[in-house]
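Work through the exercises below with the model open. Try each task before you read its solution.

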Amino acid sequence: MTTHPLPNGTRVTHFSQVRARHLPGGTATVVDHQGPWPDGSWEYLVRATRDFLAPARP
């Protein structure tokens, strides 16, 4: 049995969120997963609760 690479609770950032990569702690949290699929990939359900486009506040 293969173990999934990102356990529930892991903080993540989507690869296309270039600006968000500079924010500590990511923009979403892994809450569930499925896989591995026949090609070896995994599918993750994430909760995205951070507004990474909002201007930074002091």
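Helices (H or I, at least four residues) and strands (E, at least two) are DSSP runs, numbered from the N terminus. This is a predicted model, in which local features need pLDDT of at least 70 and side-chain atom pairs count only at pLDDT 80 or more, while totals for chains, interfaces and linings use all residues. Residues are numbered from 1 along each chain as its sequence is written, and side-chain values use heavy atoms, with hydrogens and water left out.

**Exercise 1. Fold and confidence**

Task: State which pattern the protein follows along the sequence, and where confidence is lowest and highest.

Solution:
- Step 1. Count the elements. The protein has three strands and zero helices.
- Step 2. Read along the sequence. The pattern is β-β-β.
- Step 3. Check pLDDT, the predictor's confidence in each residue, from 0 to 100. The protein averages 77, and 60% of the residues score at least 70.
- Step 4. Go to the strands. Confidence is lowest in β1, with a mean of 84, and highest in β3, at 91.
- Step 5. Keep a caution in mind. Where pLDDT is low, predicted coordinates should not be read in detail.

**Exercise 2. The sheet**

Task: Give the strand order of the sheet, and explain why β1 and β3 each have one side without a neighbour.

Solution:
- Step 1. Apply the pairing rule: two strands pair if DSSP finds at least two bridges between them.
- Step 2. Take the pairs. β1 and β2 run antiparallel and are joined by two bridges. β2 and β3, also antiparallel, are joined by five bridges.
- Step 3. Assemble. The open sheet has the order β1-β2-β3. β1 (11-12) and β3 (43-47) stand at the edges with a single partner strand each, so one side of each has no neighbour in the sheet.
- Step 4. Place partners. Arg-11 is opposite Thr-29 in β2. His-33 has Tyr-44 in β3 as its bridge partner.

**Exercise 3. Two strand residues**

Task: Decide whether Thr-29 is buried or exposed, then do the same for Leu-45.

Solution:
- Step 1. Set the cut-offs. Buried means under 20% relative accessible area, exposed over 50%, partly exposed in between (1.4 Å probe, protein chains only).
- Step 2. Classify Thr-29, which is found in β2 (residues 28-34). Thr-29 is buried because its relative accessible area is 19%.
- Step 3. List its contacts (heavy atoms within 4.5 Å). Beyond neighbours within four places in sequence, Thr-29 is in contact with Gly-9, Thr-10, Arg-11, Leu-45, Val-46 and Arg-47.
- Step 4. Look for a polar contact: a pair of N or O atoms within 3.5 Å; within protein, one must be able to donate a hydrogen and the other to accept it, and residues adjacent in sequence count only if both atoms are side-chain atoms. The side chains of Thr-29 and Arg-11 make one at 2.6 Å.
- Step 5. Classify Leu-45, which is found in β3. Leu-45 is exposed because its relative accessible area is 51%.
- Step 6. List its partners. Not counting residues up to four places away in sequence, Leu-45 touches Thr-29, Val-30, Val-31 and Asp-32.

**Exercise 4. A peptide bond**

Task: Identify which residues a cis peptide bond joins.

Solution:
- Step 1. Recall the background. Most peptide bonds are trans.
- Step 2. Check omega. Gly-35 and Pro-36 are joined by a cis bond, with omega about 5°.
- Step 3. Locate it. Pro-36 is found in the loop between β2 and β3.
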